[in-house]
Amino acid sequence: MHKQFVNHCTIDLTIIPDGPILIKSGREGADPTKPQMEFVETFHNGKSIIYLPGSSLKGAIRAHAERIVRTVGHPEYEKPSNTELVWANNPLDTDKYDYLYENPQAEQGVKKKLPAPAIYKESSFTDQIFGNIAIASRFRIEDAYPDTSVPLKIEERNGVAIDRVFGSVAHGPFDYQVCTAGAFKTKIHLKNFSLAQLGLIALVLRDLNAGWFGIGFAKSRGLGVVRLEYNSAVVQYPGCTLDDNNQIYSFGSSTPWDKIYLLGAGKFLRGDNANPYNFPTNDTEKQEVKNVALTAMDFKFGVELRWDGENGVRDLFTKAVVAWSHLLQNGGAVCAS
C-alpha cells in the first residue's frame with residue numbers, strides 16, 4: 001500500500017507535563033555532579049536539551065491502542081477465527097507471526113512470506129497501523145522538543161527501593177532527574193489511513209490527555225502524567241485538485257465533488273485490482289465537512305483540509321471516531337461475534 005499516496009493526516013500537538021516526567025537516558029554519564037538517572041538529551045538548535053523521543057511516545061501510544069482494541073474487539077492476543085473481529089496481537093512475541101508465512105512450519109531461513117496484500121489482511125488491526133516484522137508503519141510521531149516560549153523546570157529527586165518482604169531498603173538511595181513544567185511540541189503523521197484507524201488514534205490521545213496512561217519512567221509511582229493541547233490537524237489529498245471556485249476534483253476527473261468530505265484511503269482506490277488490501281470502499285464521513293479551511297497544497301497540486309485549535313481538532317476526531325464505532329457495530333466488536 002505504501003507504493004501509493006492517497007491521503008495523509010498531520011496532527012500538531014503540544015505535550016505538557018502534569019507532574020514529574022522522566023524519559024531515562026540509556027547510560028550513566030561520567031559527570032558526578034549529575035543524578036544517576038538522567039533525562040535523555042540531544043542537540044537541537046545548537047544546544048543540548050532534554051526531549052521526548054518519538055520512539056518512546058510511539059511505544060506508549062501503540063500499547064494503549066492495543067488495550068482499546070482488546071477491550072472492544074477480540075480480547076486475546078491470538079488471531080481470532082472470526083476474521084471480522086478487530087484484534088491486537090502481542091508485537092513482542094514474534095513466534096506468533098506464523099500466519100504471515102506460506103510455510104510456517106518450515107525452518108527459519110526457508111520460510112516464505114505471503115504477498116504483501118495478504119500479509120496486510122492477515123495482520124492485526126494495530127499492526128496495520130503501527131507495522132510489524134513484515135509491513136511498514138503508517139503511523140509516525142516526531143521527537144517532541146521543548147517549546148522555547150514556555151520555560152522548562154528540571155528538578156532532581158531522591159528515592160529508595162523497598163524490599164517487598166522485609167519492608168526495608170533494598171537498594172538506594174538513588175537520585176533521578178525529572179521535568180515538572182514546560183511544553184514539548186510534536187507532530188503525528190498518518191498516511192494512507194482509514195477513518196477507523198484515525199478514530200482509534202483519536203481515542204488514544206483522549207486517554208493520554210485524561211491521564212489514563214503515562215509516558216516514560218515510574219508511571220506506577222506518579223510520574224509520566226501529561227496533558228495535550230491540539231494546535232491543528234491537516235488532512236491532505238495529494239491526488240486531487242482545487243479550482244478557482246474552491247471545488248475539489250479527483251485528478252483526471254471533470255466532475256467536482258458535490259461537498260467537502262472526510263475520506264479514508266479506500267475511497268481513492270477504485271478500478272480493477274486497485275484495492276488488493278481491502279480498504280473499506282465506503283470509507284467516508286457522510287455529512288459535509290464544515291468549518292474547515294480548504295486550500296490547495298503547495299504548487300497548487302493536491303488539496304488540504306485544515307482544522308485549527310482545540311475545538312477544530314476535536315471536531316475532526318469526533319468524525320473519525322464515528323467510523324471506528326461503525327467498524328465495531330458492523331462485526332468488528334466481540335459482542336457482535
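The following exchange looks at the overall build and the largest pocket of a predicted model.

Visitor: How many helices and strands does the protein have?
Guide: The C-alpha atoms of this predicted model fill a box of roughly 70 × 55 × 40 Å, taken along the principal axes. Within the protein, the secondary structure elements come to 5 helices and 13 strands.

Visitor: What share of the residues in the protein is buried?
Guide: A residue counts as buried when its relative accessible area is under 20%, and the protein has 337 residues to which this can be applied. The accessible surface comes to about 17,600 Å², with 49% of that area belonging to carbon and sulfur atoms. Of the residues themselves, the buried share is 47%.

Visitor: How far apart are the mean positions of the positive and negative charges?
Guide: The protein carries 36 positive and 38 negative charges, and a mean position can be taken for each of the two sets. The separation between these two mean positions is 1 Å.

Visitor: Which element gives the most residues to the lining of the largest pocket?
Guide: The largest pocket holds about 1,000 Å³ of space, and 36 residues line it, with E84, F125, N278, P280 and L327 closest to its centre. The elements that give two or more residues to this lining are α2 (116-122), α3 (125-130), α4 (195-209) and α5 (309-332). With 8 residues, the element that gives the most is α5.

Visitor: What percentage of the contacts with a separation of 6 or more joins residues 24 or more positions apart?
Guide: A contact here requires heavy atoms within 4.5 Å. Among contacts in the protein with a separation of 6 or more, the part due to residues 24 or more positions apart is 67%.

Terms used
Residues numbered from 1 in each chain as written. Predicted model: local features only at pLDDT ≥ 70, side-chain atom pairs only at ≥ 80, totals over all residues. Heavy atoms only, no water. Helix = DSSP H or I, 4+ residues; strand = E, 2+ residues; numbered from the N terminus. Buried < 20%, exposed > 50% of the residue type's maximum accessible area, 1.4 Å probe, protein only. Areas by Shrake-Rupley, 256 points an atom, 1.4 Å probe, with all protein chains shown as cover. Lys, Arg positive; Asp, Glu negative; His and termini not counted. Charge placed at Lys NZ, Arg CZ, Asp CG, Glu CD. 1 Å grid on protein atoms, 1.4 Å probe; cavity = no way out; pocket = protein on both sides within 12 Å on 5 of 7 lines; lining within 4 Å. Points joined across faces, edges and corners; volume = space filled by probe spheres on them.
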